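These are my notes from going through the model. I looked at confidence, then one helix, then the contact between chains.

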Amino acid sequence: MNTLSMRAAFAAVFLALACTATQAADANITLQDAHAQIVFGAKVGAAYLRVTNGSTEPDRLVAVSTPMASKAELHSVIDDNGVMKMRLVEGIALKPGETVELKPGGLHVMLMDIQPGLKPGDTIPLTLTFEKAGVKSVSASVDKPAHGH
Amino acid sequence: MPRPFARVLAVTAVLAIIAAGAALWTFFNAPSPQVTSSGTASVGGPFTLVDQQGRTVTDEAFRGRWMLVFFGFTHCPDVCPTALNDMSAVLTELGTASDKLQPIFITVDPERDTVDAMSQYVANFDPRIVALTGTPEQIAQAAKAYRVYYKKVPQGDDYTMDHTGILYLMDPQGRFMTHFTPNTTPADMAARIRKLLG
């Protein structure tokens, strides 16, 4: 085998491995219990979900988008001695095997300028972008307000 | 008993009596400790604000009922809806005793939280919640009375508000009784309020 065909063979094997790795990582991100707390008539809302990185590689959730809001951002809430501070986070790191829960009072997806007319039970499609696993989609169902009417 | 030991014993006894005397003297002559309290008097006080129907209200309007007061803002997707959901759940949990309780939501973002914005926002929660806004000066006065911290923080091309997330329980005379941190469950809150309502 000459050097050129050796290189080609290596490249082919490398590519095949790389593709398998990407697919495996993609298959190993699980998104569960996606729901959204929408205050009807308000411009902003929050979406919550559980993200599990089932792969053996660390990953990172870097962005969220939805067609139902003008902007979606990853935010965290910090309780600084009773003072609640909401801050933009650049991304959420996921260790191998780790589950991160976005939940009230902590990490959440902030939805800005939400499309009016959403009702409890409607769904908000969310597109999550991961550094390694790529793009994943999930539907967040709109919660019923605590006081039904 | 050998003599040296007896002498040691005697000296020890004398020293003990002196020490006891000194302790007693100190006890009776020491100045009484200064009692300082930062409790009841410092949280709460007069305010004049505007409710979700556009009516001017003062703190006096709520005398005779307990007040559960929370400061927040409507461009708040997480902490504030959670607190207002909790307030709604507390009312449900209290049942008929909820007649004695007036939940109040005061904005710290008067710039965006007009009467209309407040009215639409609280329509999502228990209708017994009173939502109050006002001029920046009126809001500053109310927040100062309740020792609430709030600050406008730029975020991207928009802004958010840092704010104290504590719920304050005031008695029917408007005096501070207790507070609840944001992570208190509605069931816990209702149980503690029920005890105080008597």
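**Confidence**

I started with chain B of this predicted model: its mean pLDDT is 87, and 79% of its residues reach 70 or more. I then looked up the weak part and found residues 26–40 of chain B, where the pLDDT is below 50. Beyond near neighbours in sequence, this stretch has two contacts in the model. Where pLDDT is low, predicted coordinates should not be read in detail, so I left the stretch there.

**Helix 3 of chain B**

Which residues of helix 3 (residues 115–122) of chain B are buried? I found Met118(B), Tyr121(B) and Val122(B). They lie on the same side of the helix, because they cover an arc of only 85° around its axis. I checked what the buried residues of helix 3 pack against: helix 2 (79–94), strand 4 (101–107) and strand 5 (130–132), all of chain B.

**Interface with chain A**

I looked up the contacts next: 28 residues of chain B touch 32 residues of chain A. The two chains bury about 2,300 Å² between them, with 55% of it on carbon and sulfur atoms. Pro77(B), Asp78(B) and Asn124(B) supply 28% of the area that chain B buries against chain A, more than any other three residues.

I counted two salt bridges between the chains. One links Asp162(B) to Arg87(A), with the closest N and O atoms 2.8 Å apart. Nine residue pairs are in polar contact across the interface, both residues at pLDDT 80 or more. On the side of chain B that touches chain A, helix 2, helix 3, strand 6 (150–155) and strand 7 (158–164) each give two or more residues. Strand 7 has the largest share, five residues.

Definitions and conventions. Residues numbered from 1 in each chain as written. Chains lettered and ligands numbered in written order. Predicted model: local features only at pLDDT ≥ 70, side-chain atom pairs only at ≥ 80, totals over all residues. Heavy atoms only, no water. pLDDT = per-residue confidence, 0-100. Contact = heavy atoms within 4.5 Å. Buried < 20%, exposed > 50% of the residue type's maximum accessible area, 1.4 Å probe, protein only. Helix = DSSP H or I, 4+ residues; strand = E, 2+ residues; numbered from the N terminus. Arc of directions from axis to C-beta. Buried area = accessible area lost by both parts, 1.4 Å probe. Salt bridge = Lys/Arg side-chain N within 4 Å of Asp/Glu carboxyl O. Polar contact = N/O pair within 3.5 Å; in protein donor to acceptor, adjacent residues only side chain to side chain.
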